[in-house]
Amino acid sequence: MSSMAKIYAMLVRKGEKSIDQVPEKLMAEVQQILNQESEKIG
C-alpha cells in the first residue's frame, strides 16, 4: 500500500476529506484500506 493512500484513508476517516476528493489513481487503494478497517471493527 502506498503512503499517500494511507494518508488519504486517514483524512477520510477523520472527515477532513471525502472519498470523492481522493485522486482517481488512489481511489481504489484508499477504498480497500477503508473496507479492511471496517471489517476489523465489524
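Isoleucine 7 is situated in helix H1 of this predicted model. With a relative accessible area of 39%, isoleucine 7 is classed as partly exposed, because that value falls between the 20% limit for buried residues and the 50% limit for exposed ones. Isoleucine 7 also contributes, together with Met4 and Met10, to a nonpolar surface patch of about 240 Å².

The chain as a whole contains two helices and zero strands. Along the principal axes, its C-alpha atoms occupy a box of roughly 25 × 20 × 15 Å. The chain comprises 42 residues, of which 24% are buried. An area of about 3200 Å² is exposed by the chain, and 51% of this area is supplied by carbon and sulfur atoms. When contacts between residues at least 6 apart in sequence are considered, 39% of them join residues at least 24 apart.

The interior was examined next. Nine residues form the largest nonpolar core, namely Ala5, Tyr8, Ala9, Val12, Val22, Leu26, Val30, Ile33 and Leu34. Two or more residues of this core are given by each of helix H1 (3-14) and helix H2 (24-41). Leucine 26, one of the core residues, touches Ser2, Met4, Ala5 and Tyr8 when residues up to four places away in sequence are disregarded. Of these partners, Ala5 and Tyr8 are themselves listed in the core, while Met4 takes part in the nonpolar surface patch.

Two polar residues of the second helix were also considered. Glutamine 32 is located in helix H2 and is partly exposed, at 40% relative accessibility. This classification follows because the value lies between the 20% and 50% cut-offs. The C-alpha atom of glutamine 32 is separated by 17 Å from that of lysine 14, the two residues being 18 positions apart along the chain.

Serine 38 is likewise placed in helix H2. Its relative accessibility of 42% is over 20% but not over 50%, so serine 38 counts as partly exposed. A polar atom of the serine 38 side chain lies 2.9 Å from the backbone oxygen of asparagine 35; this separation is within the 3.5 Å limit applied to polar contacts. Between serine 38 and serine 2, which are 36 residues apart along the chain, the C-alpha separation is 19 Å.

Terms used:
Residues are numbered from 1 along each chain as its sequence is written. This is a predicted model: local features need pLDDT of at least 70, side-chain atom pairs count only at pLDDT 80 or more; totals for chains, interfaces and linings use all residues. Side-chain values use heavy atoms; hydrogens and water are left out. A nonpolar core is a set of buried Ala, Val, Leu, Ile, Met, Phe, Trp, Tyr and Cys residues joined through side-chain atoms within 4.5 Å. Buried means under 20% relative accessible area, exposed over 50%, partly exposed in between (1.4 Å probe, protein chains only). Helices (H or I, at least four residues) and strands (E, at least two) are DSSP runs, numbered from the N terminus. Contact means heavy atoms within 4.5 Å. A polar contact is a pair of N or O atoms within 3.5 Å; within protein, one must be able to donate a hydrogen and the other to accept it, and residues adjacent in sequence count only if both atoms are side-chain atoms. Patches are made of residues with over 30% relative accessible area and no salt bridge: like charges are joined within 9 Å, nonpolar side chains (Val, Leu, Ile, Met, Phe, Trp, Tyr) within 5 Å. Accessible areas come from the Shrake-Rupley method with a 1.4 Å probe; for residues, only the protein chains shown count as cover. A salt bridge is a side-chain nitrogen of Lys or Arg within 4 Å of a carboxyl oxygen of Asp or Glu.
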